[in-house]
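Student: I have a structure to read and do not know where to start. Can we go through it feature by feature?

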Protein chains: 10
Amino acid sequence: MMTKSDVTAMIRAKKRESGITWAAIAEATGLGEVFVTSACLGMNSLSPEPAGKLVDFLGLPAEAAIVLAEYPTKTFAQTVPTDPCIYRWYEITGVFGEAFKELVQEKFGDGIMSAIDFDMEINRITHEKGDRVEVVMSGKFLPYKSW
Amino acid sequence: MMTKSDVTAMIRAKKRESGITWAAIAEATGLGEVFVTSACLGMNSLSPEPAGKLVDFLGLPAEAAIVLAEYPTKTFAQTVPTDPCIYRWYEITGVFGEAFKELVQEKFGDGIMSAIDFDMEINRITHEKGDRVEVVMSGKFLPYKSW
Amino acid sequence: MMTKSDVTAMIRAKKRESGITWAAIAEATGLGEVFVTSACLGMNSLSPEPAGKLVDFLGLPAEAAIVLAEYPTKTFAQTVPTDPCIYRWYEITGVFGEAFKELVQEKFGDGIMSAIDFDMEINRITHEKGDRVEVVMSGKFLPYKSW
Amino acid sequence: MMTKSDVTAMIRAKKRESGITWAAIAEATGLGEVFVTSACLGMNSLSPEPAGKLVDFLGLPAEAAIVLAEYPTKTFAQTVPTDPCIYRWYEITGVFGEAFKELVQEKFGDGIMSAIDFDMEINRITHEKGDRVEVVMSGKFLPYKSW
Amino acid sequence: MMTKSDVTAMIRAKKRESGITWAAIAEATGLGEVFVTSACLGMNSLSPEPAGKLVDFLGLPAEAAIVLAEYPTKTFAQTVPTDPCIYRWYEITGVFGEAFKELVQEKFGDGIMSAIDFDMEINRITHEKGDRVEVVMSGKFLPYKSW
Amino acid sequence: MMTKSDVTAMIRAKKRESGITWAAIAEATGLGEVFVTSACLGMNSLSPEPAGKLVDFLGLPAEAAIVLAEYPTKTFAQTVPTDPCIYRWYEITGVFGEAFKELVQEKFGDGIMSAIDFDMEINRITHEKGDRVEVVMSGKFLPYKSW
Amino acid sequence: MMTKSDVTAMIRAKKRESGITWAAIAEATGLGEVFVTSACLGMNSLSPEPAGKLVDFLGLPAEAAIVLAEYPTKTFAQTVPTDPCIYRWYEITGVFGEAFKELVQEKFGDGIMSAIDFDMEINRITHEKGDRVEVVMSGKFLPYKSW
Amino acid sequence: MMTKSDVTAMIRAKKRESGITWAAIAEATGLGEVFVTSACLGMNSLSPEPAGKLVDFLGLPAEAAIVLAEYPTKTFAQTVPTDPCIYRWYEITGVFGEAFKELVQEKFGDGIMSAIDFDMEINRITHEKGDRVEVVMSGKFLPYKSW
Amino acid sequence: MMTKSDVTAMIRAKKRESGITWAAIAEATGLGEVFVTSACLGMNSLSPEPAGKLVDFLGLPAEAAIVLAEYPTKTFAQTVPTDPCIYRWYEITGVFGEAFKELVQEKFGDGIMSAIDFDMEINRITHEKGDRVEVVMSGKFLPYKSW
Amino acid sequence: MMTKSDVTAMIRAKKRESGITWAAIAEATGLGEVFVTSACLGMNSLSPEPAGKLVDFLGLPAEAAIVLAEYPTKTFAQTVPTDPCIYRWYEITGVFGEAFKELVQEKFGDGIMSAIDFDMEINRITHEKGDRVEVVMSGKFLPYKSW
């Protein structure tokens with residue numbers, strides 16, 4: 001039975017041999033880059049239509065579209081990530097997490113930023129002293145309710 | 001010897017009794033909200049000038065300005081944060097961390113987004129289906145160099 | 001500065017000497033038993049009105065109402081709870097967690113049950129072979145969205 | 001030797017190709033949805049009769065019924081689950097676990113809710129502001145005894 | 001507010017100065033040695049009557065009886081115990097745990113030995129090659145039920 | 001090279017197809033049930049004679065007797081076991097471990113119960129309110145010696 | 001109530017001010033250096049007679065002798081020790097532990113070296129290329145028994 | 001590519017079929033038992049000459065001598081070993097580690113016993129109350145130097 | 001799809017059969033020894049030109065050059081390394097890490113030494129009392145900035 | 001009894017009020033900056049002479065010199081350090097640790113770089129694109145010996 005990690009491996013192999021970028025995959029499917037990349041890595045599900053477009057675009061077998069549309073079980077490194085690129089984000093959570101909580105609570109009241117009703121964009125910003133990575137995240141505020 | 005956590009406790013006590021917000025503290029010191037909040041929580045150091053303004057604004061003892069200007073040792077929960085507001089961000093790192101790495105590498109080459117030459121803003125975006133938390137982060141891209 | 005755990009200790013001491021039950025506290029504040037108990041244990045915030053009622057009902061100092069209304073940082077045992085009463089629930093998460101996920105996805109699509117827009121009730125059900133604990137939880141379904 | 005995870009994989013493959021739901025499997029076997037799903041995922045054993053019905057209904061090999069009837073060793077993520085749908089339940093255990101213990105003890109005395117003499121139901125409740133997941137759990141109260 | 005660990009310390013101090021044994025405490029309260037010792041160490045609650053007898057027997061303050069009757073939160077070393085006397089029992093769980101499970105299942109069907117409806121006795125057995133520790137445990141069998 | 005886990009798998013397969021019980025295996029080898037089961041699961045070594053009897057009784061290849069007689073490296077779950085049947089015993093260690101230590105020391109002096117010079121029996125005790133699992137363990141007392 | 005760590009602190013203070021060595025303490029009590037040092041650090045109990053001698057020799061209060069004679073709960077760093085002097089021994093366990101097991105089994109059969117019926121000596125061996133630490137340990141062999 | 005664990009498996013298979021002991025292997029190679037056993041288990045490297053003798057003595061393929069001479073990466077259980085024979089040694093590190101450090105420092109000054117410039121011997125000592133395992137370790141003392 | 005660890009295995013096999021050193025590989029590619037070794041072990045990416053030279057020099061398949069040029073995900077032992085050669089460096093981080101931080105801050109202000117804009121050299125220094133390993137690391141200083 | 005952490009706190013307080021640098025302390029004691037800083041932080045011992053000079057230079061009580069000369073127990077964060085300045089070094093160990101081992105072995109044979117017979121220097125190197133931190137470490141090579 002074809003699994004999500006089989007499909008991820010197929011996509012990586014296609015990318016290596018063809019040079020197709022994540023940006024091109026995003027455009028071909030009509031979705032955002034972060035979302036479609038995370039779905040290709042097995043961390044989100046695609047609706048049948050963009051799943052079909054992706055499979056057509058990359059020339060994958062039809063079953064891959066079914067697999068991409070299945071709901072994933074999200075499994076990730078449970079403690080401290082080691083890759084420096086991902087670790088830096090973990091460090092930001094540690095260093096600024098409590099400041100983030102203070103400010104969300106000051107601006108909205110007691111509650112959280114949803115990680116489900118959520119989107120994210122990653123941009124390259126040119127800068128004279130060295131280009132910068134810009135990340136824009138937006139999540140619905142969910143207030144704690146009493147009952 | 002007065003410590004950073006002593007100063008954090010003084011600031012929290014002043015905020016409770018006076019109702020002063022983090023936004024007002026940011027304005028009084030001329031710094032961004034996220035940065036000044038993280039410094040008040042002991043995770044960053046203030047330069048002497050904004051440290052002095054903060055101490056004047058809140059009516060803290062003069063030694064507090066020296067402590068706020070000292071370089072902190074950043075200590076945070078080493079594994080999985082439990083507070084739901086902070087956990088959601090940790091979850092985002094887990095779910096989208098590899099997609100983030102793929103896209104940074106596609107847009108910039110092999111390297112990382114700095115967590116040191118870095119800034120962040122948190123905004124409330126009004127939205128008809130419920131307001132949203134917007135987070136904008138910007139960090140310098142640091143390429144791996146060979147030698 | 002009075003903390004949430006100071007207030008929890010005051011409430012426990014009052015309960016020990018007076019025999020007042022959580023049910024009575026819930027009635028006096030007009031809130032559900034689970035919610036008000038969790039707030040008294042420092043895991044949720046009360047709105048100012050029920051916080052005031054609680055403080056009056058138990059004869060606590062006025063500052064306690066301010067503390068009960070502050071937004072908590074939720075900190076709990078990060079791994080496996082040891083008290084058998086709480087462990088059994090952790091075990092249920094382990095044994096039935098994946099079945100829960102399968103059924104939520106079958107009934108609703110890809111998404112989660114919110115733990116924020118959420119309520120819970122605990123009832124004693126009499127039963128001839130030994131009474132039973134009934135727990136009823138209700139949380140808003142949050143669908144994963146693509147973007 | 002066919003294992004429980006072999007049988008789980010067969011059931012998932014049948015469901016993918018036929019579109020049969022867990023609800024239909026529950027009906028075909030005369031068991032509750034949560035229980036039969038957990039048994040199909042290898043976390044509980046079926047009695048021989050419903051095991052036979054399940055195997056007939058899905059067209060699995062006869063040995064699968066023997067495997068489904070064997071007593072499982074329940075192995076699950078020992079610390080913090082990462083899938084957001086399961087994590088939220090873990091979070092509920094952390095946030096409300098002590099309140100649950102307080103109320104069980106107030107209503108019943110010192111003891112626990114059994115996770116063995118136990119059942120659970122998951123329902124979709126329509127709601128104008130967004131449908132809700134309802135979970136109803138019932139477990140026998142087991143008092144601590146002295147001796 | 002007097003806590004269970006305060007009472008444990010009082011009992012240990014009384015034992016040190018008077019030489020009273022756990023066996024004598026068990027006899028004075030009419031309870032088993034293992035149970036009464038575990039209650040004195042804060043891991044179980046006594047009913048008011050034996051709590052009163054214990055307090056009288058050892059000459060403790062009256063509030064100690066109330067504390068001994070309160071329901072404990074059982075907290076213990078979450079991983080590997082280090083004291084050799086306790087470690088050996090942990091090692092037995094590791095070495096013989098699966099054999100225990102096999103035999104319970106063979107003799108009773110799928111289910112567990114309750115750790116709540118449970119008692120234990122510890123005896124000294126004289127033996128020519130060196131005396132032996134005998135432990136006799138008895139717990140109700142709880143079958144898994146389907147529903 | 002045939003390993004202990006190969007032999008365990010062979011024994012489990014034979015038991016599934018033939019319905020032979022652990023009790024029958026114990027009788028055929030002239031050993032106790034707990035011991036022979038633990039040896040079949042790879043946690044103890046059999047002497048050549050009972051190893052030969054076991055292999056004849058179950059019709060296993062001759063090399064299996066050599067493997068059963070080899071001295072095992074005992075490897076087990078290093079932290080908290082998840083299967084509820086084994087977990088309950090771990091919980092007993094946590095809840096009663098210190099009481100066990102107190103009573104062993106009171107009855108014998110400073111020292112431990114050996115987990116090597118050790119035996120265990122598991123019995124089904126019929127009881128009107130539900131049958132009980134009885135466990136009887138006996139281990140040599142080893143005193144700490146000074147030198 | 002005076003504790004073992006109170007007594008350890010008293011002994012360390014006496015050693016600092018008087019310059020008395022562990023060797024002198026061993027001689028004054030008639031015990032081995034390793035054993036008496038470990039007892040002074042709270043990891044073993046002394047019999048009343050050497051406990052009295054030690055207290056007289058160092059001029060400690062009489063209660064200290066009672067405390068030194070009490071049976072300790074041995075608590076130590078549960079994972080990897082950090083002090084380089086102790087870590088090297090942990091490393092030896094990792095690097096040579098399996099070789100030790102192979103050789104004990106070859107020379108004695110299946111079983112272990114007791115850590116209870118055990119003694120140890122530490123000597124300085126002069127050597128032209130730099131003096132060496134010699135450690136001699138001796139523990140009773142305990143064979144696994146079948147039953 | 002043949003690995004160190006391939007060679008370990010070959011050696012174990014030869015030992016099983018031929019009954020050759022570690023003592024005989026040590027004699028054939030002219031090395032100590034502990035060292036040669038640890039090298040055969042992949043934890044040390046042999047010089048080409050004894051590696052060749054070992055391969056000849058056991059009749060292994062010539063490439064095995066090259067592999068035995070390669071420098072190993074020493075990987076071992078990072079936390080608490082579970083096999084009782086190895087665990088007892090870990091326990092000795094916990095119980096006597098600080099006493100060892102005290103005595104090394106008293107006899108030598110600040111520094112450590114090397115685990116690299118190190119040797120060890122394991123002997124069987126006959127004893128009327130049961131034979132004993134004797135371990136003799138010798139490591140160069142390395143003083144901390146200031147600079 | 002050929003992976004980085006496939007390529008590492010090819011390089012190790014070539015080195016074993018040909019005796020080519022890391023120094024020779026560094027010379028052939030025109031890169032530093034530490035960098036090229038880390039890239040061969042899968043921890044850094046090579047630019048296409050030196051990747052091609054390396055593949056030619058060692059006679060590897062052309063696809064290996066593509067793989068060597070891909071950006072790695074850096075995964076390493078998340079806790080305490082066990083190999084003594086690597087552990088000693090970890091120990092240096094523990095023992096001197098805070099001193100390093102103090103001195104970097106004293107010489108540069110609040111900030112860090114980059115591990116990305118970074119290089120390292122390892123040299124053998126002959127010394128009459130035994131040769132020494134010299135490690136020279138150089139990393140760009142990154143100041144914390146306020147915003 | 002004055003402890004090493006008491007002395008560290010005294011030194012930090014003196015530095016805060018007087019502005020004395022680590023460089024000045026190193027000069028006053030005639031020792032290297034890294035070594036004397038690590039000793040002031042409690043991770044190394046000073047010989048009596050430099051300990052006396054340090055106490056004179058900073059005007060500390062005489063007992064502080066005795067404490068600085070005592071041999072420390074080195075305790076550090078056992079897993080992943082969180083402060084970014086120290087974490088980067090830990091990351092270097094993870095990313096380059098195996099390359100370091102390969103090169104040490106290629107240049108010296110099987111063995112390690114000592115962390116005891118060891119010294120380290122930290123320098124500021126001016127650089128047009130931003131100054132760099134230079135770290136030079138030197139440790140004696142210790143070969144594994146066979147025996």
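Student: In what order do the elements of chain A run from the N terminus on?

Tutor: This is a predicted model. Read from the N terminus, chain A goes α-α-α-α-α-α-β-β. That gives six helices and two strands.

Student: What does the C-alpha trace of chain A span along its principal axes?

Tutor: The span is about 50 × 50 × 30 Å. Chain A has 147 residues, and 59% of them count as buried. Take the contacts in chain A between residues at least 6 apart in sequence: 52% of these join residues at least 24 apart.

Student: How much area does chain A expose, and what share do carbon and sulfur atoms supply?

Tutor: Chain A exposes about 5400 Å², with 52% supplied by carbon and sulfur atoms.

Student: How many positive and negative side chains does chain A have?

Tutor: There are 15 positive and 20 negative side chains in chain A, and 2 Å separates the centres of the two sets.

Student: Now the cysteines. How many disulfides does the structure hold over all chains?

Tutor: A disulfide is a covalent bond between the sulfur atoms of two cysteines. Over all chains, the structure holds zero disulfides. D:Cys40, for one, is in no disulfide, and the nearest cysteine sulfur, that of D:Cys85, is 18 Å away. D:Cys40 has a relative accessible area of 1%, so this residue is buried.

Student: Why does I:Cys85 form no bond with the closest cysteine sulfur?

Tutor: The closest cysteine sulfur belongs to I:Cys40 and is 18 Å from the sulfur of I:Cys85, which is too far for a bond. A disulfide needs the two sulfur atoms within 2.5 Å.

Student: Is I:Cys85 buried or exposed?

Tutor: I:Cys85 counts as buried, because its relative accessibility is 2%.

Student: How should I read an interface, and what is the area buried between chain I and chain G?

Tutor: The size of an interface is often given as the accessible area lost when the parts come together. Between chain I and chain G about 540 Å² is buried, and carbon and sulfur atoms give 48% of that area. I:Tyr87, I:Arg88 and I:Glu91 supply 65% of what chain I buries against chain G, more than any other three residues. Counted by contacts, seven residues of chain I meet seven residues of chain G.

Student: Which chains does chain J not touch?

Tutor: Chain E is one of them: chain E and chain J do not touch, and their nearest C-alpha atoms are 16 Å apart. Chain F is another, since no contact joins chain F and chain J. The closest C-alpha atoms of chain F and chain J lie 17 Å apart.

Technical notes: Residues numbered from 1 in each chain as written. Chains lettered and ligands numbered in written order. Predicted model: local features only at pLDDT ≥ 70, side-chain atom pairs only at ≥ 80, totals over all residues. Heavy atoms only, no water. Buried < 20%, exposed > 50% of the residue type's maximum accessible area, 1.4 Å probe, protein only. Helix = DSSP H or I, 4+ residues; strand = E, 2+ residues; numbered from the N terminus. Contact = heavy atoms within 4.5 Å. Areas by Shrake-Rupley, 256 points an atom, 1.4 Å probe, with all protein chains shown as cover. Lys, Arg positive; Asp, Glu negative; His and termini not counted. Charge placed at Lys NZ, Arg CZ, Asp CG, Glu CD. Buried area = accessible area lost by both parts, 1.4 Å probe.
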